[in-house]
Amino acid sequence: MSLLTFLAQQQPEPVQRVVDTVTTGEAITFWVLGPLALAGALGMLFARNAVHSALWLVVTMLSLGVLYMVQQAPFLGFVQIIVYTGAIMMLFLFVLMMVGRDSSDSVVEVIRGQRLAAALLGIGFAVILVGSVGRALTSVEPRGLAEANTTNGGNVGNIGQKLFTDYLFAFELTSALLITAALGAMILAFVGRDGKPAKKTQKELVEERFQDGTRVGSLPGPGVFATANSVATPALLPDGTVAEESLFEVIEATDRSTLSDDVADVAGTGHVADAHALKGSES
Amino acid sequence: MTQQFVAAEIGETAKLLADDPIWLVLVKVVAIFAFLVVMTLFMINWERKVVARMQHRPGPNRVGPNGWLQSLADGLKLAFKEDIRPVLADKWVFFLAPVISCIPAFLAFSVIPLAGEVNLFGEQTALQLVDLPVGVLVVLACSSIGVYGIVLSGWASGSPYPLLGALRSAAQVISYEIAMGLSIVAVIMFTGSMSTGDIVGAQATTVLGFAPGWFGLLLFPSFAIYVVSMVGETNRAPFDLPEAESELVGGFHTEYSSLKFALFFLAEYVNMVTVSALATTLFLGGYHAPWSGEFMNTGWWGLLWFIIKTLGFLFIFIWLRGTLPRMRYDQFMRLGWKVLVPTSLVWIMAVAVIRTGAIQQLSTAQRLIALGVVVGLVLLVSFLLPDKKVQDTKGVPLAGSGFPVPPLDLVVPKAAPKRKVKVANIPADKAAVTTGKEAE
């Protein structure tokens, strides 16, 4: 608190930005970015691909951020870009990329009455939104931020002071909510290790291998000879017998007849492609 | 904390820049763009030469004087390569990704003060494009947008290695941006402003009579954390996990070729220059000379100091690349979340307490009491911490393995005095080893 007031007092009058009317530049920016933000919102709704949806939302958020900056709230604008566009949407994208590009939305209703509740809440939200925007457009007189941006430490100083004095309770409550949400997510995602031992470290694995003692080193590789370069070729022991450990069980379990085409291909006795006979494979 | 706090300069740069005519702004924009591109060309060459010297080989020395035009030739060649788009790629996002990664890299440089007040074509101005009251945030915002380029390129390529690189990059940059932001907080607390011009202005002091009042010295922990996180933020060795060529082929830009790849390359080097310039601005006094006073410290001299300091940071980037092996991913994340972020938080608390003490003019007795309380708390916490489990330093316990292992306290007995061994006189034809002539 005292630090903030100190910071606030330290700053003499910054650059005068006392224009409280809508300037031409601001109007141009609005008419460029407003439709862009709207297009982004619509694109988010109608894009087929989930990642494209997220990108359209990023466009909207960026446009809003720039609009804040133009409307004399540079701190809010950049925080919007850093926090929402930079961190939150990035996490969204992260999850979407993990899910995979071809996965489509599930249309199965898991929670009973979900759609009804969603519709009701959506309509309620729309009513509140329209009401507040309507009130803001008609009965609230705009004051402009010129005063707040030039006195008492400027834009950042004033926001900090408000946050930590008048809105301290709301601020702390929000942070408590966020921490609770993060903790909840961690608990949901936490894979319980009840009963199961923790993942073995490299050292434990080494010790275990030596104490077991059956095989300390790695398994023998396949015997790749001058006559064959297939991994199916078994390694030979010094006495000429096949080293059982070098055999790969999947290959060993495969019937040889299923491989006869490949064998013929490698041996050069099968179908030979002829440039003059473009007929495809004989079958 | 006896350093003199100078608040008089706050807002000066912004005032100086406020009356720039539009042509001057355009000149500055073009100059910054040219500076960054030239720096990229120079950096690629410099990096190759320095790494080569570190590895006892000559490096590029064919194109141009001493090989200094090699990167220009490579860049031209790159532009004329065939542009390939994989079949599975997402057309528009694949095209947009390099653009998204490139534009913010250039944009971030607009708030960096290159020099103080100079006379440019008869106009008194500062060598800086804009001086916003939230200048430092601009750089952070630009770097957070720049990640989109990497993440989207990985996703849009439609192949697994780029996707893995993109996922790594997303997690990495978010983690290290937190550490970076926290390391900047202490500087902002000292300056009382987020504008880069003011931050440089606040460092034009001396501490203890001779040392420059740079935040890199006053706030050394913040400086160290910033330098580590700036390497993580720009995806450079040893933190170049998104493009780890030994694991992910080329990482996020595996599928890119021609100009699109060149844009990624450009963005990486421009980002390096930008974070180095920001480090100079925040921690090494920006365009100020290492001494106070007017001598070689005004006007265009500032540009010289700024470039020298920035090149120093860029050399550190090269040095790291030539020296350190790549970190493993989990180690890298542990460093970010468990070392850098908590250290930053504790350090910011300490700075806040010290600043409050300095501002409120506490008496010596009060300061000593506060110090005692802090020391007491630290002691209390250290007593409460459980002892570290004593590691068995005698190595791997091998008992029970069945392998014939000598005991650890083995004493080799002294060799017995030599005796003549009586050997039985075996006839030659009964010997175990035959000459092979018997069969004939």
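Reader: Let's start with His56(B): between which helices of chain B is the loop that holds it?
Author: First, a heads-up: this is a predicted model, so local features need pLDDT of at least 70 and side-chain atom pairs count only at pLDDT 80 or more, while totals for chains, interfaces and linings use all residues. Residues are numbered from 1 along each chain as its sequence is written, and chains are lettered from A and ligands numbered from 1 in the order in which they are written. Helices (H or I, at least four residues) and strands (E, at least two) are DSSP runs numbered from the N terminus. His56(B) sits in the loop between helix H2 (22-54) and helix H3 of chain B.

Reader: Is His56(B) buried or exposed?
Author: The cut-offs work on C-beta atoms placed from the backbone: 20 or more others within 10 Å of a residue's own is buried, 12 or fewer is exposed, and in between is partly exposed. His56(B) has 6 C-beta neighbours inside 10 Å, so it counts as exposed.

Reader: And what's its phi?
Author: Most residues other than glycine have a negative phi. His56(B) is not a glycine, yet its phi is positive, at about 60°.

Reader: Ser258(B) isn't a glycine either; what phi does it take?
Author: Ser258(B) belongs to helix H11 of chain B. With 14 C-beta neighbours inside 10 Å, it counts as partly exposed. Its phi is positive, at about 55°.

Reader: Ser258(B) also touches H3(B), I think, so how are H3(B) and H11(B) oriented to each other?
Author: Axes here are lines fitted to C-alpha atoms, for helices over the stretch in contact, and angles run from 0 to 180 degrees between N-to-C directions. Angles under 35 degrees count as roughly parallel, over 145 as roughly antiparallel, 65 to 115 as roughly perpendicular and the rest as oblique. The axes of H3(B) (residues 70-79) and H11(B) come within 7 Å and cross at roughly 140°. That makes the pair oblique.

Reader: Which residues of H11(B) make that contact?
Author: A contact means two C-beta atoms, placed from the backbone, within 7 Å. H3(B) brings Gly75(B), Leu78(B) and Ala79(B), and they meet Ser258(B), Leu259(B), Phe261(B) and Ala262(B) of H11(B).

Reader: Now H9(B): how far apart are its end C-alpha atoms?
Author: The expected span of a helix is 1.5 Å times one less than its number of residues. H9(B) covers residues 220-233, so its 14 residues should span 20 Å, and the model agrees: the end C-alpha atoms are apart by 20 Å.

Reader: What covers the buried residues of H9(B)?
Author: Among the buried residues of this helix are Phe223(B), Ile225(B), Tyr226(B) and Met230(B). Their cover includes H5, H6, H8, H11, H12 and H13 of chain B.

Reader: Which residue with a positive phi follows H9(B)?
Author: Just look past the end of the helix. There, with a phi near 60°, is Asn235(B).

Reader: Moving to strands, which residue of the E1(B)-E2(B) hairpin takes a positive phi?
Author: Strands pair if DSSP finds at least two bridges between them; E1(B) (115-120) and E2(B) (123-127) have five and run antiparallel. Ala115(B) has Leu127(B) as its bridge partner, and Leu120(B) stands opposite Glu123(B). Two residues lie between the strands, and the one with a positive phi, near 50°, is Phe121(B).

Reader: How much should I trust chain B, and where does pLDDT stay under 50?
Author: pLDDT is the predictor's confidence in each residue, from 0 to 100. Chain B averages 81, with 89% of its residues at 70 or more, and the complex gets an ipTM of 0.73 and a pTM of 0.73. Where pLDDT is low, the predicted coordinates should not be read in detail. In chain B, the stretch under 50 is residues 1-9.

Reader: What share of chain A is buried?
Author: Chain B has 14 helices and four strands, and 40% of its 440 residues are buried. Chain A has 11 helices and zero strands. Of its 283 residues, the buried share is 14%.

Reader: Last one: how do H3(A) and H4(A) run relative to each other?
Author: H3(A) (residues 50-70) and H4(A) (residues 74-99) pack at about 175°, with their axes 8 Å apart. That makes them roughly antiparallel.
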